[in-house]
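User: I've got this model open and I'd like to talk through its main pocket and its salt bridges. Can you take me through them?

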Amino acid sequence: MKTKKHAQWMRTAALLSALILTVTLTACKKEAAQPPKTPDPTPTEQTTPPGQTTPPGQTTPPGQTTPPGQTGQGGEAAKPPEEAPIKMGQLQYSELERTTVATTAKTAGVPTYYLPERGASDDKIDQMGTSAKLLTLKYYKMTIMESPEEIKPTGKVESKQEVKLRNGTGQWITADGQKSLHLKLDKTYIALSSDKLSQADLQTVAESLATLK
């Protein structure tokens, strides 16, 4: 009786062991069949897409101006505006200007004075000044000084160069880097200077000097 029960128990134990072994092997196969899991990539800081300098819809980052020398479009360098070339023409004087110049010259002690008939087409007298025997006429583009005495340049004289004019002989004098054209008409000494007109244009002005009629 005991032998029969013992044998039955042994068979049951063997079946349970076989079942446990089968379940274990199946679980191992499933685990081996699945690919190993990789950790999720750490989020990285978002960068601007290649070929794009700034986010779409934004031309320049806030608080940042367009780099010097660029227009902000296409990276083209900005060109400074070119000044229009000066055109020489006939100068006009109103009756009031003529009267004022005559009075100012008399006050300065310049008995014979001259006014240019030619100059920059849009030029005119801006200011008049006097000192001891010196009349100063400041135009917008040049300055003319007249005196019955020789007009000497201020500063250290660096060079002198004679030039032939239609109304006499002039002399270019450079002092402290500034050039002025000196000449004498009758008994009046005249000096012309300008940082707008060329030397050739200033010589044209000097050749047009005439007394008022």
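**Pocket and salt bridges**

User: How do the residues lining the largest pocket divide into nonpolar, polar and charged?

Analyst: Keep in mind that this is a predicted model. Its largest pocket has a volume of about 530 Å³, and 28 residues line that pocket. Sorted by type, the lining comes to 13 nonpolar, nine polar and six charged residues.

User: Which element supplies the largest share of that lining?

Analyst: Five elements each give at least two residues to the lining: strands S6 (143–147), S8 (168–175), S9 (178–185) and S10 (188–193), plus helix H3 (199–207). The residues closest to the pocket centre are Gln178, Lys179, Ser180, Leu192 and Ser193. As for the largest share, four residues, the supplier is S9.

User: Is Lys141 buried or exposed?

Analyst: Lys141 pairs with Asp122 in a salt bridge, 3.2 Å from N to O. Lys141 sits in the loop between strand S5 (134–139) and S6, while Asp122 is in the loop between strand S3 (118–120) and strand S4 (125–131), 19 residues apart. Asp122 has a relative accessible area of 53%, so this partner is exposed. For Lys141 the relative accessible area is 18%, and the cut-off for buried is under 20%, so Lys141 is buried.

User: How many residues apart are Lys133 and Glu149?

Analyst: The side chains of these two meet in a salt bridge at 3.4 Å, N to O. Lys133 is partly exposed at 42% relative accessible area, and Glu149 is partly exposed too, at 43%. Lys133 lies in the loop between S4 and S5, and Glu149 in the loop between S6 and strand S7 (157–165), so the pair links distant parts of the chain, 16 residues apart.

User: What relative accessible area does Glu207 have?

Analyst: Glu207 is in helix H3, and its salt-bridge partner Arg166 is in the loop between S7 and S8, 41 residues apart. The closest N and O atoms of the two are 3.3 Å apart. Arg166 counts as exposed because its relative accessibility is 71%. Glu207 is classed as partly exposed, with a relative accessible area of 22%.

User: How many salt bridges does the count come to?

Analyst: The rule asks for a Lys or Arg side-chain nitrogen within 4 Å of a carboxyl oxygen of Asp or Glu. Lys141 with Asp122 fits at 3.2 Å, Lys133 with Glu149 at 3.4 Å, and Arg166 with Glu207 at 3.3 Å. The count comes to three salt bridges.

Methods:
Residues are numbered from 1 along each chain as its sequence is written. This is a predicted model: local features need pLDDT of at least 70, side-chain atom pairs count only at pLDDT 80 or more; totals for chains, interfaces and linings use all residues. Side-chain values use heavy atoms; hydrogens and water are left out. On a 1 Å grid over the protein atoms alone, a cavity is a set of points where a 1.4 Å probe fits but cannot get out, and a pocket is an open set with protein on both sides within 12 Å along at least five of seven lines; lining residues have an atom within 4 Å of a point. Grid points are joined across faces, edges and corners, and a volume is the space filled by probe spheres set on the points. Ala, Val, Leu, Ile, Met, Phe, Trp, Tyr, Cys and Pro count as nonpolar, Asp, Glu, Lys and Arg as charged, and the others, Gly among them, as polar. Buried means under 20% relative accessible area, exposed over 50%, partly exposed in between (1.4 Å probe, protein chains only).
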